Amino acid sequence: MSIDETLADPPTLRPFSDEALDPVLDFVRAHPLVPHDGALLRSLLTTLPRSPAHVLDLHLRERRVLVACVLDTMTNASNSAVLEILGLCDGPRAAELLAFTVAAAERLVRAGPAPRLEVSLPGPLARHTPLLQQRGYRIAHGNYHMIRDGADSAEPPPPLASGWRFADAGLADLPAYHALLVAVFADIPGAQVSDFAGFRAMFERTPRRPRLLFHGDRLIGFVKTTVDPDGETGLVNTIGRDPALRGQRLGDLLLCEAARVLARDGVRRLRLEVSTSNRSALDLYLRHGFRVAVEEPTYQRTLDAPAQ
């Protein structure tokens, strides 16, 4: 859908409420910037934002043209709030809509608690990088988007030793699972971990269970997967192992398990994201046949500093 015919109308923000949730979801599905499964989208609009005001529902007259959310309740290495642009009706005013959205996000973040705002521009928005630079944003870190044709493992999985097992995550596993997530991603640029309440809410909303790796009763690794809306692409959402167990090829084991689960779903390709600074993870994915498709920088600004 183009927005050419409303060139003269100023953008406005509509208050977000439960009644708006389904229309907003329909809009994001129709105008996605990146694929999101339904459970994650709902969490990004309901569970994870601090308040309904942190969901930015942008209109031109009566037409919804952009949906984003500001997340400042999650733990990350840079103590930053994050602007997630979820859906955009592209057109000649896209730059204006993006600038309006970033300014609205900055106003929210200035109220605290995070001192910084991070913004990524997915592929369709990459051409608007100068807009962020003009507002004083600079590259803070980046992610590689990686893909692999086929779900069959490039390497055979290492055999499970006696006492090791995979199992679907259950409610009783959540405290240990959340604690391990925090430990794994605490220092990874761009990684976001919600508090336990938000983590549990997302888990209960998602019918697809992560796979957990145990040694006896000790949780030592996890991998979460989803299937993109196209039904042909499998996403490795998160993967990690106990930081104390480096050098045991647990990453190979977990990635092979992810591929096995997604192959069962009939996907034709796999995708994942990894921080450009996470060399060990990047080497793992390259070893298993993934290749870098896109490098996406994340821009950051400390909001007590004036825009340049």
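In this predicted model, helix H3 runs over residues 94–110. Its 17 residues reach 24 Å from the first C-alpha to the last, close to the 24 Å expected at 1.5 Å a residue. Much of what H3 presents is hidden from solvent: Ala94, Leu97 and Leu98 are buried, and so is the run from Thr101 through Val102, Ala103, Ala104 and Ala105 to Glu106. Towards the end of the helix, Leu108 and Val109 are buried as well. The acidic residue in this list, Glu106, is worth a glance in the structure above, as it counts among the buried positions of H3. After the helix comes Gly112, which has a positive phi, near 95°.

Zooming out, H3 belongs to a chain with eight helices and 12 strands. The radius of gyration of the chain is 20 Å, which agrees with a compact globule, because a globule of 308 residues would have a value near 19 Å. Taken along the principal axes, the C-alpha atoms fill a box of roughly 70 × 40 × 35 Å.

Burial and contacts fill in the picture of the interior. Across the 308 residues, 50% count as buried. Among contacts with a separation of 6 or more, 73% join residues 24 or more positions apart in the chain.

Turning to the surface, the chain exposes about 14,100 Å², and 53% of this area is supplied by carbon and sulfur atoms. As for charge, there are 35 positive and 37 negative side chains. The centres of these two sets lie 2 Å apart.

Note on methods
Residues numbered from 1 in each chain as written. Predicted model: local features only at pLDDT ≥ 70, side-chain atom pairs only at ≥ 80, totals over all residues. Heavy atoms only, no water. Helix = DSSP H or I, 4+ residues; strand = E, 2+ residues; numbered from the N terminus. Expected span 1.5 Å × (residues − 1). Buried < 20%, exposed > 50% of the residue type's maximum accessible area, 1.4 Å probe, protein only. Rg over C-alpha atoms; globule rule 2.2 N^0.38 Å. Contact = heavy atoms within 4.5 Å. Areas by Shrake-Rupley, 256 points an atom, 1.4 Å probe, with all protein chains shown as cover. Lys, Arg positive; Asp, Glu negative; His and termini not counted. Charge placed at Lys NZ, Arg CZ, Asp CG, Glu CD.
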